[in-house]
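Hi,

Here is the structure I promised to pass on. Have a look, and my notes follow below.

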Amino acid sequence: MAKYSRIRDLREDADKTQKELADYLGTSTQHYGKYELGHAEIPFERAILLARYYNVSLDYLAGLTNVKRPLPKTKMSDQERLLIESVRDLDDDERESFLKIAELISGRDDDRER
């Protein structure tokens, strides 16, 4: 079972108690504590409530990303979204080549690690 340490960290950062979050989610304090320890799975509806409460993505809550708030889709054009989807479909070598070409075109010589 997954351990949801991020919800504990978010709760502590917000100076909230387990009881406050349990009340918000409509569950008991004991059951909420089981979420934080990973002794109980968080129902999807409650995960959505937590993501909204803390203004973070579900991916962040699940530990799939370290980015709390990804770029909202509304700020990307359809072309930008299509480009990103196309790049994601490339294999590792193709993606690396694409990124090098993009850096050359944009005038950025980006030496950061990938």
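Let me start with S57: this serine is buried, because its relative accessible area is 14% and the cut-off for buried is under 20%. As for where that is, S57 is found in the loop between α4 (44–54) and α5 (58–61). Its side chain has a partner too: a polar atom there lies 3.0 Å from the backbone nitrogen of Y60. Bear in mind that this is a predicted model.

Now the overall picture. The protein has 7 helices and 0 strands, so to speak α-α-α-α-α-α-α when you read along the sequence. Of the 114 residues, 24% are buried. The accessible surface is about 8,600 Å², and carbon and sulfur atoms hold 50% of that. If you take the contacts with a separation of 6 or more, 44% of them are between residues 24 or more positions apart.

The other place I spent time on is α7. How far apart are the end C-alpha atoms of this helix? They are 21 Å apart, which agrees with the 21 Å that 15 residues (92–106) should span at 1.5 Å a residue. At the start of α7, the backbone nitrogen of D93 has a side-chain oxygen of D91 within 3.1 Å. Just after α7 comes G107, with a positive phi of about 80 degrees.

That's what I have for now. Shout if you want to go through any of it together.

Cheers

Note on methods. Residues are numbered from 1 along each chain as its sequence is written. This is a predicted model: local features need pLDDT of at least 70, side-chain atom pairs count only at pLDDT 80 or more; totals for chains, interfaces and linings use all residues. Side-chain values use heavy atoms; hydrogens and water are left out. Helices (H or I, at least four residues) and strands (E, at least two) are DSSP runs, numbered from the N terminus. Buried means under 20% relative accessible area, exposed over 50%, partly exposed in between (1.4 Å probe, protein chains only). Contact means heavy atoms within 4.5 Å. Accessible areas come from the Shrake-Rupley method with a 1.4 Å probe; for residues, only the protein chains shown count as cover. The expected span of a helix is 1.5 Å times one less than its number of residues. A polar contact is a pair of N or O atoms within 3.5 Å; within protein, one must be able to donate a hydrogen and the other to accept it, and residues adjacent in sequence count only if both atoms are side-chain atoms.
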